[in-house]
Amino acid sequence: MLQGASTAGVLLCHMPSFSNVFLKSKDDNLYALFDNVSANYRPFVRWWWNGDKIEKTEIARELQLLKAVGIGGVEINPIKFPQRTDDMGIHSLQWLSPEWIEMLDFTLTEAKRLGLTCDLIVGSGWPFGAEYLTGEEQAQIMMIGVKKLEGAIDFEAPMFDILKEVDPATTSPYAHRRIEVVSLLLVPDPMSGLHEIVNLSNQIESGFVKVAIPKGKYALYALARVSGFLEVINGAPGANGPVLNHYNKDAVNKYLHHMSDAIQQQIGPLKNRIRSFFMDSMEMEGANWTMDMADEFKRRRGYDIMPYLPFVLLKTGGMGNVTDYNYGTSYTIAFGEVLERMRYDFDKTKTELLQERFVDSYSNWCKENGIKSRAQAYGRGFHPLEGSFSMDIPECETWIKYGLGNELSETDYRLGRAYSMVNKYVSSAAHLQGKRLVSCEELTNTDMVFNETLSILKIGADQSTISGVTHPVFHGFNYSPKNAPFPGWIRYGNFMNEKNTFWPYFQYFNDYKARLSVLLQQADMFADIAILPPVYDWWAKYGSPNEPFPSFTFPNYLSLIWEAIHQNGHGCDYVSDSVINSAEMSDGFLRFGPRKYHTLFMVEVESLDPVTAKKLLAFLKVGGRIFCIESVPSKSLGFNNFQQRDAEVLALVAEMKSVTDRFIFIRKPDKDYSTWFKELRSKYGFTPYVAIDHTDPFITQIRYQAKDAEILVFTNSSNEKTFKISITPNEKMVMGKYGWLWDAVTGKRFRLPNSREIALTLYPADLRIIVFDKHSGEKDYFKEYPMPDSHSRVLTQPWSVEFHHIDGSVNKTNFNTLPDLKELPDFVNFSGTVIYSCSFEIAGNINCSFLDLGKVYGISDVKLNGFHCGVRWYGRHIYAISDMVKQGSNNLEISITTTMGNYMKTLKDNAVAQYWTNEKRKNQPIQSMGLVGPVILL
């Protein structure tokens with residue numbers, strides 16, 4: 001892609017004859033948007049108001065700073081002041097106090113003056129909560145504590161010992177939580193049913209338990225309700241305290257209106273002043289109860305859950321993840337299956353109540369105020385797909401970590417992937433609802449702080465795009481006064497700060513992201529294959545997961561299925577049982593809203609409702625195709641009347657099996673899912689919309705459709721490897737259209753010489769946009785950069801080198817060769833800009849058109865004979881120099897901007913630097929830096 005003055009991999013620059021290509025016709029509206037992006041499509045940032053220690057002059061300065069580097073909006077996010085940080089004696093404002101609201105008013109006014117959009121987080125920190133919540137308004141959890149015993153013995157213990165076992169091990173426990181033991185039961189191990197329970201609940205009030213344990217293995221179960229168990233994580237002053245009970249509709253509405261009323265009674269309506277209210281990820285750490293939960297369960301599911309609840313619940317800890325699946329007693333097979341059905345029923349009930357009492361209330365409150373709802377509608381309690389349906393702006397989550405750009409593991413979905421497991425759910429939900437704006441908390445970083453490069457940010461962001469995201473909200477930008485002690489106030493995130501070495505080049509990245517966003521938001525992501533994940537079986541077997549990073553996933557290869565589909569030139573969405581139930585089946589397609597799918601993959605789905613099974617049979621009867629991976633549905637969902645419903649499902653599945661050519665059982669591969677899918681496609685004869693001659697896990701694509709335009713986006717997620725591929729779009733895509741390469745870094749476009757057979761070289765961290773539209777323009781201007789050959793010349797001259805450190809010092813030296821600076825003891829701890837200078841001769845009969853810097857660790861900025869050649873911030877560092885090079889002596893100056901981490905590790909007296917680079921699991925490795933070469937003239 002084009003970086004700075006020329007494109008990495010495309011011969012585009014310093015050629016005046018190309019000027020006609022960029023003239024836009026009046027009907028060329030899509031390219032006009034791409035070429036000149038308006039602010040609302042530009043990246044936003046999460047703007048942490050650290051400790052609400054905010055002042056008007058600094059607010060204004062930071063908004064101007066963000067606008068200057070190409071940011072289009074801010075998410076105002078008050079948060080707890082970071083530890084280890086000098087607050088400079090600045091006073092904290094209380095959330096929703098008149099002073100705080102005055103600052104909000106000033107911010108909204110100043111942002112509007114600058115043309116910046118504002119979103120506003122609801123509350124502070126996460127999840128929703130506040131100091132004024134009391135009683136039933138506070139989050140509640142039913143927990144179990146189990147003590148395993150072996151008899152025969154006379155067992156005695158104080159209830160205090162039981163309470164210690166019950167007390168939830170949350171990330172942010174509330175100091176005033178209240179524990180009420182609901183039942184105390186002795187059961188055998190293994191357990192076959194409720195008839196084996198010895199009920200000791202009458203001993204709870206005494207504060208002491210005493211029981212004769214018969215010979216054998218037993219378990220003492222305590223079921224307890226813990227009220228106010230969780231405190232807001234990192235809440236700002238006034239917005240910390242207990243977390244809200246999201247299952248209490250009255251409490252939810254009270255909380256939401258408390259915020260909007262306090263603000264709008266002082267400064268007037270927020271409509272047209274903020275774009276959206278924002279809800280961060282629902283990290284409720286297992287909250288699962290409210291006052292009428294048992295009654296609602298009985299009304300909805302038809303039986304009483306309370307006798308079974310101690311055995312339905314799993315032991316959870318930090319972030320609500322299950323800590324031990326073998327906790328408590330074991331069960332006979334029959335009773336274990338009953339408990340799994342009830343566990344599904346319990347999670348189904350929770351999900352329904354959360355939707356009705358929290359999600360719907362939140363969405364309606366936003367509408368009442370004339371403001372969009374933006375939400376990360378996932379976490380324990382949501383349906384991972386359907387939770388995003390009612391949100392105006394559904395939001396995903398993408399993180400950067402070590403390993404990104406280096407590997408794509410097939411054994412751990414998290415390794416090498418920036419997108420979280422929820423991204424495909426959220427983007428699919430948006431597609432099913434016809435929404436084009438798919439937001440993302442993008443580039444969240446707690447592992448690589450001070451070592452994030454623009455190249456790594458780009459790989460993470462490109463993976464986010466592949467997962468269906470169309471607009472980023474970067475995580476994030478810290479409110480930090482200009483004179484704050486180095487490195488400033490840092491709560492979280494990439495060090496997106498004017499003191500970061502990459503800051504002078506940050507706009508290159510923001511412009512790139514803006515063009516991708518504006519293009520993809522004018523189109524619809526294409527998918528003709530659906531995937532049904534085993535969400536309900538997951539709930540039944542293992543309890544609802546804590547997305548976006550559950551400690552356990554089922555199955556652990558789910559993301560590899562959708563990745564393989566895209567790697568092979570297809571597109572897909574996740575769907576749900578409810579989507580299938582509401583779908584129309586006709587002409588070989590499963591149709592829901594604007595989407596239609598000819599093939600459905602069911603991944604280890606064992607349980608179906610009879611209604612869903614009937615719809616799937618109807619899909620087969622109209623010509624659809626179903627693949628069952630690893631299992632064929634064999635039972636119904638839930639407990640009530642399950643024998644009859646099991647029989648219905650089995651009968652329907654038996655009828656499906658009779659459609660032998662289109663109801664197909666398959667095994668997952670042991671490895672190489674991309675090749676597995678390619679062979680599957682060949683065997684069963686479905687055609688990709690784009691054929692790709694070479695597949696690799698690092699290479700993938702998506703397709704978008706706009707009015708009169710087809711869009712293909714190809715990415716290379718490797719930070720090291722280059723791939724040459726040939727692609728052949730389906731004839732229907734290109735018929736009557738011209739092929740173009742659109743450059744998201746510069747906004748320029750270049751005509752493809754052949755729209756049917758397209759050769760692409762994907763350099764490290766590369767992304768290519770291919771557009772087929774009716775704009776004819778000029779012809780045959782696309783040409784790849786050359787690779788070094790026998791005629792190329794390696795510069796072997798000595799280099800004069802200047803080190804401009806961020807601490808203000810300057811050092812000079814000479815290199816005869818180009819080393820990795822981390823290998824040099826004198827320079828391993830450097831941070832800043834290194835300027836490499838040399839002279840070289842060009843004889844009269846030699847033509848040099850390009851300069852290839854070889855291996856570069858950092859951002860390169862090149863001057864030749866005093867002329868600026870451009871900037872490269874990712875991928876291949878190659879420059880077009882034909883207009884700058886001259887016969888005779890030439891003076892070359894290469895500036896390389898490094899990362900900060902190596903230097904930050906040396907600042908032993910700087911608590912902030914040490915926390916992010918040296919302490920505990922944040923002990924970061926020493927990074928490579930500088931120009932390594934070889935530097936080649938081509």
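A cavity is a set of grid points where a 1.4 Å probe fits but cannot get out. The views below come from a predicted model.

**View 1. The second largest cavity borders α13 and α9.**
This cavity has a volume of about 160 Å³. Its lining is made of 17 residues, and those closest to the centre are Tyr413, Met421, Leu558, Ser559 and Tyr574. Two elements, α9 (423-432) and α13 (558-567), give two or more residues each. The most comes from α13, with three residues. By class, the lining counts 11 nonpolar, four polar and two charged residues.

**View 2. The largest cavity borders β6 and α8.**
The structure holds six cavities of 30 Å³ or more. The largest cavity encloses about 190 Å³ of space. Around the largest cavity sit 18 lining residues, with Leu313, Leu314, Thr316, Lys350 and Arg380 nearest its centre. The elements that give two or more residues to this lining are β6 (140-158) and α8 (333-368). Nine of the lining residues are nonpolar, five are polar and four are charged.

**View 3. The largest pocket has a lining of 42 residues.**
Its volume is about 1,200 Å³. Nearest the centre of the largest pocket lie Trp126, Trp399, Thr446, Tyr492 and Arg921. Strands β3 (44-50), β4 (73-79), β14 (393-399) and β15 (439-444) each supply at least two lining residues, and so does helix α20 (911-917). The lining of the largest pocket has 14 nonpolar, 13 polar and 15 charged residues.

**View 4. The second largest pocket draws on α10 and β39.**
About 960 Å³ of space lies in this pocket. It is lined by 46 residues; Asn719, Glu720, Lys855, Val856 and Tyr857 are the closest to its centre. Both α10 and β39 (855-857) give two or more residues to the lining. The lining of the second largest pocket divides into 22 nonpolar, 18 polar and six charged residues.

**View 5. Helix α10 packs against helix α11.**
Helix α10 covers residues 454-466, and helix α11 covers residues 506-520. Their axes lie 11 Å apart, at an angle of about 10°. Angles under 35 degrees count as roughly parallel, and α10 and α11 are therefore roughly parallel to each other. On the α10 side, the contact is made by Leu454, Leu457, Lys458, Ala461, Asp462 and Thr465. On the α11 side, Phe506, Phe509, Tyr512, Lys513, Leu516 and Leu520 take part. The contact of α10 with α11 has eight nonpolar residues, one polar residue and three charged residues. Helix α10 also appears in View 4, where it gives two or more residues to the lining of the second largest pocket.

**View 6. Helices α2 and α3 pack in a right-handed crossing.**
Helix α2 spans residues 56-68, and helix α3 spans residues 98-114. The angle between them is about 30°, and their axes are 10 Å apart. The two helices, α2 and α3, are therefore roughly parallel to each other. From α2, the contact takes in Lys56, Ile59, Ala60, Leu63, Gln64 and Lys67. From α3 come Glu102, Met103, Phe106, Thr107, Glu110, Ala111, Arg113 and Leu114. Seven residues of the contact of α2 with α3 are nonpolar, two are polar and five are charged.

Terms used. Residues numbered from 1 in each chain as written. Predicted model: local features only at pLDDT ≥ 70, side-chain atom pairs only at ≥ 80, totals over all residues. Heavy atoms only, no water. Axes fitted to C-alpha atoms, helices over the stretch in contact; angles between N-to-C directions. Parallel < 35°, antiparallel > 145°, perpendicular 65-115°, else oblique. Contact = heavy atoms within 4.5 Å. Nonpolar A, V, L, I, M, F, W, Y, C, P; charged D, E, K, R; others polar. 1 Å grid on protein atoms, 1.4 Å probe; cavity = no way out; pocket = protein on both sides within 12 Å on 5 of 7 lines; lining within 4 Å. Points joined across faces, edges and corners; volume = space filled by probe spheres on them. Left-handed = near helix turned anticlockwise from the far one by under 90°.
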